[in-house]
Each structure stands twice: as C-alpha cells, then as structure tokens.
Amino acid sequence: MKNPQPSAPITEVAEKARVLYLDDDAGNLNAFLANFRNDFEVYIAESPIQAYNMIQDQGIQVVITDHQMPSMSGVEFLETLVKDYPRVQRILLTGFSDAIPLVEAVNRGKVFGVLHKPFELERIRQMIDNAWNIFKDERDRDQLIHQLRRQNQQFEFILRQRLLS
C-alpha cells in the first residue's frame, strides 16, 4: 500500500468585492465587465429595478451607477439605497463636470466617491478597493459590536446569578 501524498497546505481564498455597475448603455456595461471581472465579482444591470434586486440577491457591497439614465438619475437611485442598504458603498459615474450633480450625490446619495467619464481604469479600480475596504471595516466593526453586546449580556447574567446565590 502506498503512503498517501501529503495534502497541499490549505490557503484561505481572498474574498473579492461584489461590485454592481448600473448603466443604461450596454457598451459601457460590457467594457466594465471585461476590465474588472478578474479583480472583483462584477454584476451589471441596465435598469434601476434590476440593480436593486441584485443588491439583495447577490449581497452587493459596492455600487457604481451612471448619473444620466432615462428612468431615474443615478443620484435618485443611490438615494434609495441609503435607506435600505446603508452599508453598501455608493459611487456615482458622471460625464458632467457641473457641480450640482456632485453636490446632490454627496447630500442625497451619500456617495463614497464620484468618477468622471471616460473610464480611467486604474482610478475606478482604486476607488472600488477603497470603498471595499470601508465596507469591510464597517462590517467588522458591526460584528465586534454584536459580539461585545453578547458577551456583556453573558457577564450580566453571571453577575445576577452570583448576586442571587
């Protein structure tokens, strides 16, 4: 009987950011997917309704949306996310240099950042990485707070038991 080969060391697979890109232009969606599919888990949507459903179904962590769309603006879409998905990091992509959409994005959409067209691949990658790190930090903080609350309840229970005995 042969000796079994030692198994390869178990390595932890790095978690990738789940990024959703919303744009009504199929060419932009395909370009985004082609450029970033190896770096992130990329999801694309052509309509706000489709995007909104994906956020819940796929556990999206970072959303990038075009500002100018036919059914609703990117700022309006991001504003809906603030209420229902406050931890999701929001990025607005715009072809305008006008300050009004930028101010609206910050005030109403609580955006993490604003990107300008045409695509600057490295700038987008860097902003997604930064948004992803903030998402993870907030998630980790929430988990620690939950854990501390649970431990606090356990300590209070033990203290009450000792006081009663």
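**Close-ups of a predicted model**

**View 1. Who does Gln89 touch?** Leaving aside residues up to four places away in sequence, Gln89 touches Gln61, Val62, Val63, Phe112, Ala131, Ile134, Phe135 and Glu138. Keep in mind, as you look around, that this is a predicted model. Gln89 itself sits in strand β4, which covers residues 89–94. Is Gln89 buried or exposed? Its relative accessibility is 9%, and buried means under 20%, so Gln89 counts as buried. Its side chain also has a polar partner: Gln89 reaches the backbone oxygen of Arg87 at 3.1 Å.

**View 2. Now step back and take in the whole chain.** You can find five helices and five strands in the protein chain. Trace the chain along its sequence and you'll meet them in the pattern β-α-β-α-β-α-β-α-β-α. The protein chain has 165 residues, and 33% of them are buried. What about residues that meet across the sequence? Take the contacts between residues at least 6 apart in sequence: 59% of these join residues at least 24 apart. As for the outside, the chain exposes about 10,700 Å², with carbon and sulfur atoms supplying 53% of that area.

**View 3. Here's helix α1, with its buried residues picked out.** Which residues of α1 (residues 26–36) are buried? They are Asn28, Leu29, Phe32 and Phe36. These four cover an arc of only 100° around the axis, so they lie on the same side of α1. A bit of helix geometry is handy here: an α-helix has 3.6 residues a turn, so residues three or four places apart point the same way. The buried residues of α1 pack against three strands, β1 (18–22), β2 (41–45) and β3 (62–66), and against helix α5 (121–164).

**View 4. Zoom in on the start of α1.** Look for Asp25 and Gly27 here. A side-chain oxygen of Asp25 comes to within 2.7 Å of the backbone nitrogen of Gly27.

**View 5. Finally, see how α1 and α5 cross.** To describe two packed helices, you give the angle between their axes and the distance between the axes. For α1 and α5, the angle is about 70° and the axes are 12 Å apart. That angle makes α1 roughly perpendicular to α5. Which residues meet where these helices pack? On the α1 side, look for Phe32, Asn35 and Phe36; on the α5 side, they meet Leu121, Ile124, Arg125 and Ile128. You've seen Phe32 and Phe36 before, among the buried residues of α1.

How values were computed:
Residues numbered from 1 in each chain as written. Predicted model: local features only at pLDDT ≥ 70, side-chain atom pairs only at ≥ 80, totals over all residues. Heavy atoms only, no water. Helix = DSSP H or I, 4+ residues; strand = E, 2+ residues; numbered from the N terminus. Buried < 20%, exposed > 50% of the residue type's maximum accessible area, 1.4 Å probe, protein only. Contact = heavy atoms within 4.5 Å. Areas by Shrake-Rupley, 256 points an atom, 1.4 Å probe, with all protein chains shown as cover. Arc of directions from axis to C-beta. Polar contact = N/O pair within 3.5 Å; in protein donor to acceptor, adjacent residues only side chain to side chain. Axes fitted to C-alpha atoms, helices over the stretch in contact; angles between N-to-C directions. Parallel < 35°, antiparallel > 145°, perpendicular 65-115°, else oblique.
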